[in-house]
Amino acid sequence: MGMGGPVSGRGGRRAPMAEINVTPLVDVMLVLLIIFMVTAPLLLAGVPVDLPESSAGALDQDKKPIQLSIDKDGRVYLDDREIQIAAMDAQFADIAAKSGKGKDSPQIFLRADRALDYGRVMAVMGALNHAGLNRVALVTLGEGEAAGPQAGGRVDGDEVPEPAVP
């Protein structure tokens, strides 16, 4: 018979356990991490737009970009607020005046609904170019991504290319 340690058997007492079991805490933290990873991209998009798909890679970004969205009815949104088509040139000129033109201009993410007329998208891009905001990126869905109305999307381009001079 051993004299030290807890007594084993039916009638014996057990010594109290002085260790904390962290396994349930780790399980809860991993579940929370997964929940936040899934829901964070859904909170990014404010205007529901059905984005087209593309196989281009995503871009790196340094500052918070301006979200410009065009919904299926042709309404234009600057971040989450709607802007009128007639006031679009003035809005873009104001943005260019505050932040600069060319390389100093802010990154603009253009999200346009796939059912939208191509001319409407080109009119918005022309207004951006006229204001000197040339760092325009088109946001699309990656191949195999869910095409839900609140999908975050991926960026396909950086700047509006200059025409090639031979």
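## Alanine 123 and helix 3

Alanine 123 sits in helix 3 of this predicted model. With a relative accessible area of 43%, alanine 123 comes out as partly exposed, since that value falls between the 20% and 50% cut-offs. Go 38 residues away in sequence and you reach isoleucine 85, whose C-alpha is 9.8 Å from the C-alpha of alanine 123.

The helix itself has 13 residues, and its first and last C-alpha atoms are 18 Å apart, close to the 18 Å expected at 1.5 Å a residue. Its buried residues are Val121, Val124, Met125, Ala127 and Leu128. Looking down the axis of helix 3, you find these buried residues within an arc of 155°, so they line one face of the helix. Tyr118 and His130 are exposed on the other side of helix 3. Just after helix 3 comes glycine 132, with a positive phi of about 90°.

## Helix 2 and what covers it

Does the span of helix 2 fit what its residue count predicts, and what are the two numbers to compare? Helix 2 takes in residues 88-99, and at 1.5 Å a residue those twelve residues should span 16 Å; the end C-alpha atoms are 17 Å apart, which agrees. Four residues of this helix are buried, namely Met88, Phe92, Ile95 and Ala96. They cover an arc of only 95° around the axis, so they end up on the same side of helix 2. The general rule behind this sort of pattern is that an α-helix has 3.6 residues a turn, so residues three or four places apart point the same way.

On the other side of helix 2, the exposed residues are Ala90, Ala97 and Lys98. As for the cover over the buried residues of helix 2, it includes strand 2 (66-70), strand 3 (76-78), strand 4 (81-83) and helix 3 (118-130).

## Salt bridges

The structure has three salt bridges. One of them is in helix 2 and pairs lysine 98 with aspartate 94, with 3.5 Å between the closest N and O atoms. The two are four residues apart, so about one helical turn separates them. Lysine 98 is exposed, at a relative accessible area of 69%, while aspartate 94 is partly exposed at 38%.

Asp71, Asp73 and Arg75 are linked in a salt-bridge network. Arginine 75 meets aspartate 71 at 2.9 Å, N to O, through their side chains. Arginine 75 also pairs with aspartate 73, where the closest N and O atoms are 3.5 Å apart. What about burial in this network: which class does each residue fall into? Aspartate 71 counts as buried, because its relative accessibility of 6% is under the 20% cut-off. Arginine 75 is partly exposed at 35%, and aspartate 73 counts as exposed at 52%, because that is over the 50% cut-off.

## Serine 69 and aspartate 79

Serine 69 belongs to strand 2, one of the elements that cover the buried residues of helix 2. Is serine 69 buried or exposed? Serine 69 is buried, with a relative accessible area of 2%. Its side chain also makes a polar contact, at 3.1 Å, with the side chain of arginine 111.

Aspartate 79 is in the loop that joins strand 3 and strand 4. Its phi is near 60°, which is a positive value in a residue other than glycine. Aspartate 79 is partly exposed, at a relative accessible area of 34%.

## The whole chain

Zooming out, the protein has three helices and seven strands. Reading from the N terminus, the elements run α-β-β-β-β-α-β-α-β-β. The protein has 166 residues, and 31% of them count as buried.

Where do the contacts come from? Taking contacts with a separation of 6 or more, 69% are accounted for by residues 24 or more positions apart. The accessible surface of the protein comes to about 11,600 Å², and carbon and sulfur atoms hold 60% of that surface.

Terms used
Residues are numbered from 1 along each chain as its sequence is written. This is a predicted model: local features need pLDDT of at least 70, side-chain atom pairs count only at pLDDT 80 or more; totals for chains, interfaces and linings use all residues. Side-chain values use heavy atoms; hydrogens and water are left out. The expected span of a helix is 1.5 Å times one less than its number of residues. Buried means under 20% relative accessible area, exposed over 50%, partly exposed in between (1.4 Å probe, protein chains only). The arc is that of the directions from the helix axis to the C-beta atoms. Contact means heavy atoms within 4.5 Å. A polar contact is a pair of N or O atoms within 3.5 Å; within protein, one must be able to donate a hydrogen and the other to accept it, and residues adjacent in sequence count only if both atoms are side-chain atoms. Accessible areas come from the Shrake-Rupley method with a 1.4 Å probe; for residues, only the protein chains shown count as cover. A salt bridge is a side-chain nitrogen of Lys or Arg within 4 Å of a carboxyl oxygen of Asp or Glu.
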